[in-house]
Amino acid sequence: MPAHAWKLKTRTLEWQERPLVMGVLNVTPDSFSDGGRYLDPEQALDRALEMEAEGADILDLGGESTRPGAASISAEVELARILPVVRRLQGRLKIPLSIDTWKASVAVAALDEGAEIVNDISAGRWDPLLWSAVAQYRAGYVLMHALDRPATMQKEPHYADASAEIIDFLGKFLARAEENGLALESIVCDPGFGFGKTLVHNLTLLRDLEAFRALRRPILVGLSRKSFLKLI
């Protein structure tokens, strides 16, 4: 499958003329951008459909803040935030729904309710059951690099060569994911802008994006509203 195609369970996303756009919707009280604005499921539903109408190709729904310094929450709290929204979107959202989680139980519950993608900031490192769940549902999967968990990732992040080290990390975890049953064509890679990176690291990754073609998978670039943009 070409590097401009992403296979989900029941459809394949393809692009050549322009990148696909992922709309991000946080149903959290503390996310750095829209935290607290869409805690009400009806408001979240309206915003999701609005983003689809505005041209989003994918909707990414998150129930746990991953801003720098954020503490982790339980799966029960995360599910209480996202499931009412996921259920309201059934039959109404035409674009694929992505769930931003690293927890297998959250992923399974959302996939059961119609989600098609799991967007995992941990690259499968924090819940050993996640990859098997993704493989079982034949879901799309975002494999992201984060230097550490959100609570500590911005404490003096250091790389000898940020781009080379992150490409190497993603390559190794692509292979591990495939060994654990994920189809390679179902995976896209995310360098993890802002997840354990300084301004210089983020700008270096932007400069070197072409080098990520070596992974032979689509690249997700999450820059929208990241705090380092204010420093440029």
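Two strands count as paired if DSSP finds at least two bridges between them. Helices (H or I, at least four residues) and strands (E, at least two) are DSSP runs, numbered from the N terminus. Everything here comes from a predicted model, where local features need pLDDT of at least 70, side-chain atom pairs count only at pLDDT 80 or more, and totals for chains, interfaces and linings use all residues. Residues are numbered from 1 along each chain as its sequence is written, and side-chain values use heavy atoms, with hydrogens and water left out.

**View A. Strand 5 sits beside strand 6 (residues 117–120) in a parallel pairing.** Three bridges hold this pair in register on paper, and one to look for is Asp 100 with its partner Asn 119 in strand 6. Between the two strands the chain passes through helix 3 (residues 104–112), making a right-handed β-α-β crossover. Right-handed means that, with the strands pointing away from the viewer, the path from the first strand over the helix to the second runs clockwise. In strand 5, Leu 97 and Ile 99 point one way, Ser 98 and Asp 100 the other, and all are buried, that is, under 20% relative accessible area (exposed is over 50%, partly exposed in between; 1.4 Å probe, protein chains only).

**View B. Strand 4 is mostly covered.** Five of its five residues are buried: Ile 58, Asp 60 and Gly 62 on one side, Leu 59 and Leu 61 on the other. In a regular strand the side chains alternate between the two faces of the sheet. Strand 4 runs parallel to strand 3, with five bridges, and Met 22 is partnered with Ile 58. Four bridges link strand 4 to strand 5 (residues 97–100), again parallel; here Leu 59 partners Leu 97. The chain gets from strand 4 to strand 5 through helix 2, in a right-handed β-α-β crossover.

**View C. Helix 1 has a buried side and a face turned away from it.** Ala 44, Leu 45, Ala 48, Leu 49, Met 51 and Glu 52 are buried. They cover an arc of only 155° around the axis (taken from the directions from the helix axis to the C-beta atoms), which puts them on the same side of helix 1. Their packing partners are strand 3 (22–26), strand 4 (58–62) and helix 2 (75–89), with contact meaning heavy atoms within 4.5 Å. The face turned away carries exposed Asp 46, Ala 53 and Glu 54.
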